Amino acid sequence: MTTTVPRPPGRPTVRDRLLRLAETVTTPLLPEDYLDLVAPLRSGAALRGRIVDVRPETRDAATVTIRPGRGWRGHTPGQYVRLGVDVDGVRQWRAYSLTSPPGRRDGLISITVKAIPDGRVSNHLVRRARPGTVVQLDQAQGDFVQPATAPARILFLTAGSGITPVMGMLRAGAHGAADVVLVHSAPTPADVIFAEELRGLADRGAIRLVERHTDTEGVLGVAELGDLVPDLLDRQTWACGPVGLLDAVEAHWAAHGAADRLHTERFRPTVVTPGAGGTVTFARSGVAVSADGGTALLDAGESAGVLMPSGCRMGICFGCVVPLREGAVRDLRNGNLTTAAPGDGVLIQTCVSAAAGTCDIDL
Ligand SMILES: Cc1cc2nc3c(=O)[nH]c(=O)nc-3n(C[C@H](O)[C@H](O)[C@H](O)COP(=O)(O)OP(=O)(O)OC[C@H]3O[C@@H](n4cnc5c(N)ncnc54)[C@H](O)[C@@H]3O)c2cc1C
Ligand code: FES
C-alpha cells in the first residue's frame, strides 16, 4: 500500500519553483503560454478543448466537435458548457448546450450553434472557426436534465436553436421506453436543425414529431399546442426556445397547477422595464461610461473596451460577478435595486445588472 503525505498548503513543489524561475527569463510570455503552444490539452492546464470538426447543419447553424482536455469531467444530457473563444483578439465567453451524448468512446463532445444577426461568437463559430483552434472550456453545468427515473410520458417543446439540449437528451436515449412527443418550430423545413435525425427517429416510431414551420403556418400558440398534444399538462415537459414561447408556457402551466411538470431552459434572460441609467466607472481599468438603465453593465463595459469576465450572459453561471465598490445597480430581470456604500464591495452579476445612478465597479 502506498501512503501519500499531503503537502502543507502554500509550500511550492520543485515543479512550481522551476516554473517560477523560468517565468523570470521568459517574460512577458509565461512558460504556461509556451506549453499551451505544444500541449494545450495537457492535464494540470486550465481546461481547454481543440476543435476537430465544424459541420454545417442548416444555412445558419453548425455543429462544432471538440476534443476536451484531460480535466473534462463529463456531462449529463441537457447540460451546457461555457466556452471561451478569441474573436478579433478579444476572449469572449458564451454558453452552449451539449449535443453529444455523454461518454462517447472517442472522448469528443459537440455543441451546435445558430448564428444570430450581428452575434459575435455565434457567427465566428458557425462561419469562421476551423479545426485545430483551441478554445477555453468550463465544466458542464445546468439543471435542464432528466430525473434518474425516466418519466413514462414526455413532451419536448422547442424552437430554433432550442432543440440543442433536447437533441443531447435524445441522443443519450431519452426516448427509451417513454412515450415522447417533440413539438419543434422553425421558419421552414430547411431551417430545422438535426432534421434528418429527428425525422428518422419519428419514422422508426421512437418519438412523435410535430414540426411547425412558422413562415407558412405562423407561430404556435399555447391553445393550439393543446389541440396537438391533448394530454400535455400530464406530461413531464422540457421546453427551450425564445423568451416569448417560454413566458407563455410558464404562465399556462402555472395557471393549470402543472408548474412542477415543466422544465425550461432560457438562452436569454427576461428583462423587465428598465429604470434610469448613470455613469459607470471601471476603477482599475480607468474607464468611465454613461450607460442607460436598460443596458447590462457587461455590455456597457465591453463596448468601452474593458475586459469583462462573463459566461452565459443571462444570470445563471455567475461567471461575470464583480464587486460594486459604490453606487446603485438594478437587476434587469426583476427591477430589484442593489446599493453599495464605499468599502462594501457588494458582489453583482454584470450581465443582468444595469446602472441605477452612479456606480463604481472594481474592475
Ligand atoms: C444555458 C445556455 C445554453 C445555450 N445553448 C445554446 C446552443 O446550444 N446553441 C446556440 O446557438 N446558442 C445557445 N445559447 C446562446 C449563446 O450562449 C449566445 O447567447 C448566442 O450564441 C449569441 O451569442 P453572440 O456572441 O453571437 O451574440 P452577441 O454578440 O452576444 O449579441 C448580439 C445581439 O444579439 C442579441 N442576442 C444575444 N443572444 C441572443 C439569442 N440567443 N437570441 C437572439 N438574440 C440574441 C444580443 O442582445 C445582441 O443584440 C445558450 C445560452 C445559454 C444561456
Ligand atoms: S455571465 Fe453568467 S451569470 Fe453573468
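Let's start with strands 12 and 13: strand 12 covers residues 278-282, strand 13 covers residues 287-291, and the two pair in the antiparallel sense over 5 bridges. Keep in mind as you look that this is a predicted model. The pair makes a hairpin with 4 residues between the strands, and Gly286 in the turn has a positive phi of about 65°. If you want a residue to hold on to here, take Thr281, whose bridge partner in strand 13 is Ala288. Thr281 also stands opposite Asp360 in strand 17. That second pairing runs the other way about: strand 12 and strand 17 (residues 353-361) are parallel, joined by 3 bridges. As general background, strands of a sheet pair through backbone hydrogen bonds, either parallel or antiparallel.

Now go back towards the start of the chain. Here 6 strands form an open sheet with antiparallel pairing, and their order across the sheet is 4-3-6-1-2-5. Strands 4 and 5 stand at the edges with a single partner strand each, so each of them has one side without a neighbour in the sheet. From one strand to the next, the twist averages 40°.

Strand 1 is a handy place to enter this sheet. It spans residues 48-58 and pairs with strand 6 (residues 134-137) in the antiparallel sense, over 3 bridges. In that pairing, Gly49 stands opposite Val135 of strand 6. Strand 1 also pairs with strand 2 (residues 61-68), again antiparallel, over 8 bridges. One of the matched pairs to look for is Asp53 with its bridge partner Thr65 in strand 2. Strands 1 and 2 form a hairpin, with 2 residues between them.

Carry on across strand 2 and you come to strand 5. These two strands pair in the antiparallel sense over 6 bridges, and Ile66 stands opposite Ile109 of strand 5. When you follow side chains along any of these strands, it helps to recall that in a regular strand they alternate between the two faces of the sheet.

What lies across strands 1, 2, 3, 4 and 5? That is helix 3, which runs at about 85° to strand 3 (80-87). Helix 3 (120-128) turns up again around ligand 1: along with strand 4 (90-97) and strand 5 (109-114), it supplies at least two residues of the shell. Strand 4 gives the most, with 4 residues.

So much for the elements; now for the ligand's surroundings. There are 23 residues around ligand 1, and those that come nearest are Ala95, Tyr96, Ser122, Thr164 and Arg268. Sorted by class, the shell has 10 nonpolar, 6 polar and 7 charged residues.

Which residue has a side-chain N or O atom 2.5 Å from an oxygen atom of ligand 1? Look at Ser122, where the contact comes from the side chain. Val121 uses its backbone instead, with an N or O atom 2.9 Å from an oxygen atom of the ligand. At Ser97, a polar backbone atom is 3.2 Å from a nitrogen atom of ligand 1. Taken alone, the ligand exposes 910 Å², and the protein buries 80% of that.

One more sheet is worth a visit. In this one, 5 strands form an open sheet with parallel pairing, in the order 9-8-7-10-11. Strand 9 (208-213) and strand 11 (262-265) are at the edges here; each has a single partner strand, so one side of each is left without a neighbour in the sheet. Ignoring direction, neighbouring strands of this sheet are turned by 10° against each other on average.

At the strand 9 edge, 6 bridges join that strand to strand 8 (residues 179-186), and the two run parallel. You can check the register with His184, whose bridge partner in strand 9 is Glu211. Towards the other edge, helix 8 (residues 243-255) lies across strand 7 (153-159), strand 10 (236-240) and strand 11. Helix 8 runs at about 165° to strand 11.

Definitions and conventions
Residues numbered from 1 in each chain as written. Chains lettered and ligands numbered in written order. Predicted model: local features only at pLDDT ≥ 70, side-chain atom pairs only at ≥ 80, totals over all residues. Heavy atoms only, no water. Pairing = 2+ DSSP bridges. Near = heavy atom within 4 Å. Polar contact = N/O pair within 3.5 Å; in protein donor to acceptor, adjacent residues only side chain to side chain. Areas by Shrake-Rupley, 256 points an atom, 1.4 Å probe, with all protein chains shown as cover. Nonpolar A, V, L, I, M, F, W, Y, C, P; charged D, E, K, R; others polar. Axes fitted to C-alpha atoms, helices over the stretch in contact; angles between N-to-C directions. Contact = heavy atoms within 4.5 Å.
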